[in-house]
Amino acid sequence: MKIIVPMAGRGSRLRPHSLTVPKPLIPIANQPIVHRLVKDIARILSEPLEEIAFILGDPAFFGGDVVKSLEELANGLGAKASIYRQLQPLGTGHAIMCAEPSLSGPAVVAYADTLIRASFDLDPAADAVIWTKQVDQPEAYGVVKLNDKDEIVELVEKPKQFVSDQAVIGIYYFKEIADLKKELQFVIDNEIINGGEYQINDGIKRMMASGNIFKTGTVDEWMDCGNKNVAIETNQRIMTFMEKDGSEEINSQPTLQDSKIIQPCVIDSSVVLKNSTVGPHVSIGAGTRIENCTITNSLIQKNSTIKNATLDEAMIGSHVKYDGKFTKISIGDYSTLE
C-alpha cells in the first residue's frame with residue numbers, strides 16, 4: 001500500500017502562519033498537520049505501508065528541513081519516502097501526476113489540510129473509494145451522487161439543487177492507482193481544464209465512464225485546518241480525542257511555578273509556566289515560556305514568550321514575543337507585541 005500526499009499549496013487562508021511555515025507543517029496539538037494525517041491513515045490501513053510519496057512546492061519554501069521531517073515521518077512508519085515537486089500551481093490532478101513514478105498498485109491519496117478519524121473497511125467489489133462526510137449544507141461542498149447500489153455515479157461541485165449530503169473530504173483509495181494515472185494523463189494531454197487547473201475529479205469521472213466501481217467510505221470525524229478559527233477548533237477536538245484515547249502526550253511534565261493546567265492540553269515538557277492558568281484545550285510547543293497568563297482554547301507554537309495575557313481562541317506562531325491583554329489574536333512567526 002502507498003500513500004500519495006499532495007501538499008504543494010502555501011495555504012493563503014491560514015496567513016500569517018503559513019507565510020513562514022508550509023501549511024501542512026503547522027502543528028495541531030504539537031504535531032504537524034501532515035504528520036497527524038499520515039499517521040492516522042497508516043494506523044487504519046489493512047495492508048503493510050510500503051511507500052509515502054509527498055508532492056511539495058517550490059524548494060525555496062518547502063526546503064531541506066521539510067524534506068527531512070517527511071523522510072523521518074515515513075521511515076518511522078516503516079515506509080520509503082519519495083519526494084516530488086509541483087513547481088506550478090496547475091491543480092490537484094497535475095499534482096498527483098508529478099508523482100508519476102510512484103503511481104502503481106493500491107494507494108490512498110490524501111490532501112494534507114484535513115484530519116480524520118475513520119475505519120478502513122473497504123468493499124471488495126469497489127475499484128476505488130471516496131471518503132465522505134454527511135454535512136448540513138451540501139450546497140457549500142463537492143458531493144457524490146449515488147445509484148440504487150450505493151455506487152458513486154457522479155461528482156457534483158456545490159450543487160444548487162439537492163444531490164446528496166455526502167461531501168467529498170479529499171481522501172481517496174484506488175485498488176490500482178495506475179488506472180487514475182492513465183486517465184489523468186489523458187486529461188493533461190487533452191488540456192481538460194476546470195477552474196484554470198487540471199483536476200483529480202476529471203480523472204475520476206473518466207474512470208467511472210470506463211466502468212470502474214466507486215463506493216463511499218465514511219469518516220467519524222472530519223476536521224479542517226483551512227483557517228485560524230477552524231484550526232483552533234480542530235486543535236481542541238484532537239486533544240479531546242487524545243484524552244479519551246489515553247494518549248501520553250496529554251500527560252507531559254512542563255515546569256510549573258505557581259501555575260495550573262486544566263486538561264486536556266498538549267504542552268511540551270520543556271515549557272515553563274509561571275503564575276499562569278492554562279487550559280482546557282491549549283497546545284504549547286517546545287521552548288515556550290508563559291508568565292502571568294490565563295489561556296484557554298489556544299494554539300501556541302515553539303520558542304515564544306507570552307506575558308500578562310488573557311487569551312482565548314488565540315493562534316500564536318513560533319519565536320513570538322507577546323506582552324499585552326488582547327484576546328482573539330492571530331500572530332505569525334517572529335512577531336513582537338510589547
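Arg-117 is partly exposed, with a relative accessible area of 24% (buried means under 20%, exposed over 50%, and partly exposed in between, using a 1.4 Å probe and protein chains only). The model is predicted, so to speak of local features requires pLDDT of at least 70 and side-chain atom pairs count only at pLDDT 80 or more, while totals for chains, interfaces and linings use all residues. Residues are numbered from 1 along each chain as its sequence is written, and side-chain values use heavy atoms, with hydrogens and water left out.

Arg-117 forms a salt bridge with Asp-245, with 3.2 Å between the closest N and O atoms (a side-chain nitrogen of Lys or Arg within 4 Å of a carboxyl oxygen of Asp or Glu). This pair connects distant parts of the chain, as Arg-117 belongs to strand E7 (residues 114-118) and Asp-245 to helix H6, 128 residues apart. Helices (H or I, at least four residues) and strands (E, at least two) are DSSP runs, numbered from the N terminus.

Helix H1 offers a local counterpart: Asp-40 and Arg-43 both lie there, three residues apart, about one turn of the helix. Their salt bridge has its closest N and O atoms 3.7 Å apart; Asp-40 is buried at 17% relative accessibility, whereas Arg-43 is exposed at 53%.

Turning to the sheet, four strands form an open arrangement in the order E14-E17-E20-E23, with parallel pairing (two strands pair if DSSP finds at least two bridges between them). Strands E14 (260-261) and E23 (310-312) are the edges, each pairing on one side only. Three bridges join E20 (residues 294-296) to E23, and Ile-295 stands opposite Leu-311 in E23.
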